[in-house]
Amino acid sequence: MVARKRTNKAEPVIAAILLIAITGLVIGLTVAIGRTPGDEYQTPHWAIAIHLLTAIPALPLGAYVLLSRKGDLAHRTLGKIWAALMLVTAIDTFFIREVTGHIGPIHIFAVVTLTAVPIGIYRIINGDVATHRRAMLYSYIGLCSAFLFALRPGLRVGNFLFG
Ligand code: HEM
């Protein structure tokens, strides 16, 4: 029987991605908890800009990566870019608190992304294609759901598109 070759070369990358994700979470939660009660939180403009700059390209890029040939250089390169876009999108949301004025139920999308994307990367490094596929597909469905949510009247994108 031929033993399956496992490569751990990418583990430092995964560790770095996880570290960035956790750091973002900690900073976001620290800002949330450290706020003086009664203070109005103001979402910084840069947070909205980063969110849109990373989330919008992730929509077509994610569709392409999901639908195109798997495993080749293009899939691996574009997949890494997509994963990075998703992680930045998700971390950034902890600085956006427009809907409820604080970290609210919509931020569950971000927590799911910060969990599913690293799991998807970690599993493919270990040769587990099925879990990788599932984790990335669910992350993409999360992205599409968040996009549909953003189209709601009263929110920026909804107002911009539909007046
Ligand atoms: C193309 C996709 C997306 C678009 C166009 C989009 C757009 C936006 C915009 C414009 C806001 C600021 C609130 C407002 O509308 O004024 C926002 C907030 C937010 N988005 Fe997204 N987003 C997208 C994807 C995502 C993804 C993938 C996630 C999760 C990982 C996410 C999670 C959130 C959260 C948690 C907030 C903060 C809600 C709050 O203010 O409490 N979004 N989004």
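Which residues of α4 are buried? In this predicted model, local features were taken at pLDDT of at least 70 and side-chain atom pairs at pLDDT 80 or more, while totals for chains, interfaces and linings use all residues. Residues are numbered from 1 along each chain as its sequence is written. In α4, the buried residues are Ala110, Thr113, Leu114, Ala116, Val117, Gly120, Ile121 and Ile124. A residue is called buried if 20 or more other C-beta atoms lie within 10 Å of its own, exposed if 12 or fewer do, and partly exposed in between, with C-beta atoms placed from the backbone.

The protein contains 6 helices and 0 strands, in the order α-α-α-α-α-α from the N terminus. Helices (H or I, at least four residues) and strands (E, at least two) are DSSP runs numbered from the N terminus. Of the 163 residues in the protein, 23% are buried. Two residues are in contact if their C-beta atoms, placed from the backbone, lie within 7 Å. Among contacts between residues at least 6 apart in sequence, 65% join residues at least 24 apart.

The largest nonpolar core has 25 residues, of which Met86, Leu87 and Val117 touch the most other members. Such a core is a set of buried Ala, Val, Leu, Ile, Met, Phe, Trp, Tyr and Cys residues joined through C-beta atoms within 7 Å. At least two residues of this core come from each of α1 (11-34), α2, α3, α4 and α5, and α3 supplies the largest share, 7 residues. Apart from neighbours within four places in sequence, Leu87 is in contact with Ile17, Ile20, Ala21, Leu114 and Val117. Ala21 lies in helix α1 and is buried because 20 other C-beta atoms lie within 10 Å. Residues up to four places away in sequence not counted, Ala21 touches Leu87, Ile91, Leu114 and Pro118. Ala21 and Ala90 are separated by 69 residues in sequence and by 8.5 Å between C-alpha atoms.

In α3, the buried residues are Gly79, Trp82, Ala83, Leu85, Met86, Leu87, Thr89, Ala90, Ile91 and Asp92. The expected span of a helix is 1.5 Å times one less than its number of residues. For the 20 residues of α3 this gives 28 Å, in agreement with the 29 Å between its end C-alpha atoms. For α4, the 18 residues should span 26 Å, and the end C-alpha atoms are 26 Å apart, which agrees. Ile108 is in helix α4 but counts as exposed, because it has 11 C-beta neighbours inside 10 Å. The C-alpha atoms of Ile108 and Ala90 are 9.7 Å apart, with these positions 18 residues apart along the chain. Just after α4, Gly127 has a positive phi of about 80 degrees.

Helix α2 has 23 residues and an expected span of 33 Å, which agrees with the 34 Å between its end C-alpha atoms. At Leu59, α2 bends by about 35 degrees, and the proline Pro60 follows within four residues. The bend is the angle between axes fitted to the seven residues ending at a position and the seven starting there. The buried residues of α2 are His51, Ala55, Ala58, Gly62 and Val65, and the elements that cover them include α3 and α5. Trp46, also found in helix α2, counts as exposed because it has 10 C-beta neighbours inside 10 Å. Trp46 and Asp92 are 46 residues apart in sequence, and their C-alpha atoms are 9.4 Å apart.

The ligand is surrounded by 28 residues, the closest being Glu98, Ala146, Ala150, Leu155 and Arg156. Two or more residues of this shell come from each of α2 (45-67), α3 (73-92), α4 (108-125), α5 (129-150) and α6 (156-162). A residue is near a molecule if its C-beta atom, placed from the backbone, lies within 6 Å of it. The most residues, 6, are given to the shell by α2. By residue class, the shell comprises 17 nonpolar, 8 polar and 3 charged residues. In this division Ala, Val, Leu, Ile, Met, Phe, Trp, Tyr, Cys and Pro count as nonpolar, Asp, Glu, Lys and Arg as charged, and the others, Gly among them, as polar.
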